[in-house]
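Please examine the model shown here. The aim is to discuss its packing and its charged pairs in question-and-answer form.

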Amino acid sequence: MLLNPPRTLLLVVAASACTLAPSPLGELPDDTSATAGSSATTTGASASTSTISSATASTTTASTTASTTATSSTNTTASATATSESDTDPPPGTAWDLYCEYVQRHGGRCDPDVDDAPDLVYPGRGFLVHEWGTDTVVLGSDGAPLRGLHHEDMDLPAFVYDRIGAGSLDGSVSVHVKMETPVTYFYSDVARSVDVAVGFPKGVFSQWYPAVARFEPYVAAPESIPKLPEYDDPVLNPGFPFASELCRGLYAVVDGGLLDWGTIAVLGRDVDLPLLDAPLSESAWSYARAVESNLVEVSGAPGADPPQHERFLFYRGVGNFPLPLTITAAGDDAIEVTNDAAVDVGRVFVIQVDGARGAFYEWSEGVAAGQMIAASAPPLASAPPLDLFVDALAERVTEALDGAGLYHDEALAMVATWREQWFGAPGLRLLYLAPQAWTDASIPLSLTPTPDALLRVMVIRSEVLTPEQELIDVDAAALLAAPDTYDAGRAHFIALGRFAEPRLRRASALLGDPKYAAPLIAELLHADARITTGE
């Protein structure tokens, strides 16, 4: 199981004056020692810079090669074999082929010459564990991560636990009485027992299923402090009634997350048991069940009587930790991507959607450690209708996940789960495959016995605000200054859904953090929304 090293002696002594015990899991290892390349062309082994536009498919310097599948509004040459309405060739057979045909017909360019990834399946022997998940971040045009991304993006079934619900269960040990979502699949040729725990050094787990034996940090029980009539969360509730600022400083900190399932049962591959109802009309939960993994059983934990069965272990959380790539919007149609980490980042998809159309291209070889890439945003002038774009991008991302080692049904399940949010939402975003070493450091997973193989595929979703978007938000935030325009400004941000708070915080910062923006920030901060970043 994961061990919890104590805080400094000073914090331990100070904690005696408060009602809640701290429970850290340690510091996230520093993974950012590599020196990134600058925006000027750099050669040499330590750093490289590439300029990649969607018109030229790929341009590289020195020994670094960044392969790109791209679309552009630039007219193709004769050798690009653009397709016309009068061509008599057989129609293309895949969503990607249809996408390319449309783009070429409308004056753009695409290069479909990307090898298909293998469609893998469990080989039927050994003990293997696979996990997929996604982290979501909103970035200002200067690359700064924006606070406030903690609101619901997708409904979850009612049986999923949150911190308050789990802490209030009989037998819970996570209550101090006087605090868009990895899924983990298990494959085994024999039934076995496995001890499972997952830590979050720089964050807190907010939701999970099945039940856990314990979780940290703690929630607070009714009457554990004055003026606390019911269970409450000192970490995630900004209005928690701390007795002093000293206690707030100790316990209103988003770190030290832990979920400990204790010992779970990985059932035999021939076992088929009914699962709790989770209709797709209400949530995307059941997409993740469409996988040929072994069922898992949890019993004995608070809430797990009778035993609970599921196709996977699920958890979500919120945190504050460095991401592998720094992404900036140099202009409304240009981005710069720098890998400051010491490890390479996998395949990258650059996506632009305006609500009716969508365009994308990919860097199939990812971004090497120390590399900087300057690129154009995918142009929408030759972009196809949204449905065609979504189908093509879903096909390409599925193949990328296959190539990362997920079994094919796992890749399909992941894409189906996040299809609408990843591909259909308007905006400029990047999706990229994080190195497993980064995932292991960010959310360490403990398994006993050790599996024969452990694969963890994390997709980072970076929503990038362009300077143009920021100006629109600034204008809307300025409307909050006067009573007769306040409602119009508020409506602009409310319409942004889960991105309302980070975008308002960015606009407010650009305006110098005026007092008139504070009431709406407070309203969004206290909105009745479940905490889900980390997904």
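The questions below concern nonpolar cores, salt bridges, one glycine and a helix pair.

Q: On what basis are the residues numbered and the features of this model counted?
A: This is a predicted model, in which local features need pLDDT of at least 70, side-chain atom pairs count only at pLDDT 80 or more, and totals for chains, interfaces and linings use all residues. Side-chain values use heavy atoms, with hydrogens and water left out, and residues are numbered from 1 along each chain as its sequence is written.

Q: Which helix gives the most to the largest nonpolar core?
A: A nonpolar core is a set of buried Ala, Val, Leu, Ile, Met, Phe, Trp, Tyr and Cys residues joined through side-chain atoms within 4.5 Å; buried means under 20% relative accessible area, exposed over 50% and partly exposed in between (1.4 Å probe, protein chains only). Of the 105 residues in the largest core, F186, W208, W261, I264, F389, L401 and F423 touch the most other members. With nine residues, the greatest contribution to this core comes from helix α5 (residues 386–403).

Q: Which residues is F389 in contact with, leaving aside its neighbours within four places in sequence?
A: Contact means heavy atoms within 4.5 Å. By that rule, and with those neighbours set aside, the partners of F389 are Y99, I351, V353, G358, A359, F360, P384 and F423.

Q: How many salt bridges does the rule give?
A: Side chains of opposite charge can pair when their charged atoms come close. A salt bridge is a side-chain nitrogen of Lys or Arg within 4 Å of a carboxyl oxygen of Asp or Glu. By this rule the count is 20.

Q: Is E310, which forms a salt bridge with R289, buried or exposed?
A: The closest N and O atoms of E310 and R289 are 2.8 Å apart. E310 lies in strand β13 (residues 308–310) and R289 in the loop between β11 (257–266) and β12 (296–298), 21 residues apart. R289 is buried because its relative accessible area is 14%. At 0% relative accessibility, E310 is likewise counted as buried.

Q: How many residues apart in sequence are the parts tied together by R396 and E362?
A: The side chains of R396 and E362 form a salt bridge with an N to O distance of 2.8 Å. Because R396 lies in helix α5 and E362 in strand β18 (residues 358–363), the parts that this pair ties together are separated in sequence by 34 residues.

Q: Where does E470, the salt-bridge partner of R506, lie?
A: The side chains of R506 and E470 meet at 2.8 Å, N to O. R506 is buried, with a relative accessible area of 12%, and E470 is buried, at 7%. The pair links parts of the chain 36 residues apart: R506 is in helix α10 (residues 500–510), and E470 is in helix α8 (residues 467–478).

Q: What is the separation of the C-alpha atoms of G370 and A341?
A: G370 is placed in the loop between β18 and β19 (371–376). G370 is buried because its relative accessible area is 1%. Although G370 and A341 are 29 residues apart along the chain, their C-alpha atoms are separated by 6.9 Å.

Q: At what angle do helix α9 and helix α11 pack?
A: Two packed helices are described by the angle between their axes and the distance between the axes. Axes are lines fitted to C-alpha atoms, for helices over the stretch in contact, and angles run from 0 to 180 degrees between N-to-C directions; helices (H or I, at least four residues) and strands (E, at least two) are DSSP runs, numbered from the N terminus. The axes of α9 (residues 483–494) and α11 (residues 518–525) are 11 Å apart, and the helices pack at an angle of about 35°.
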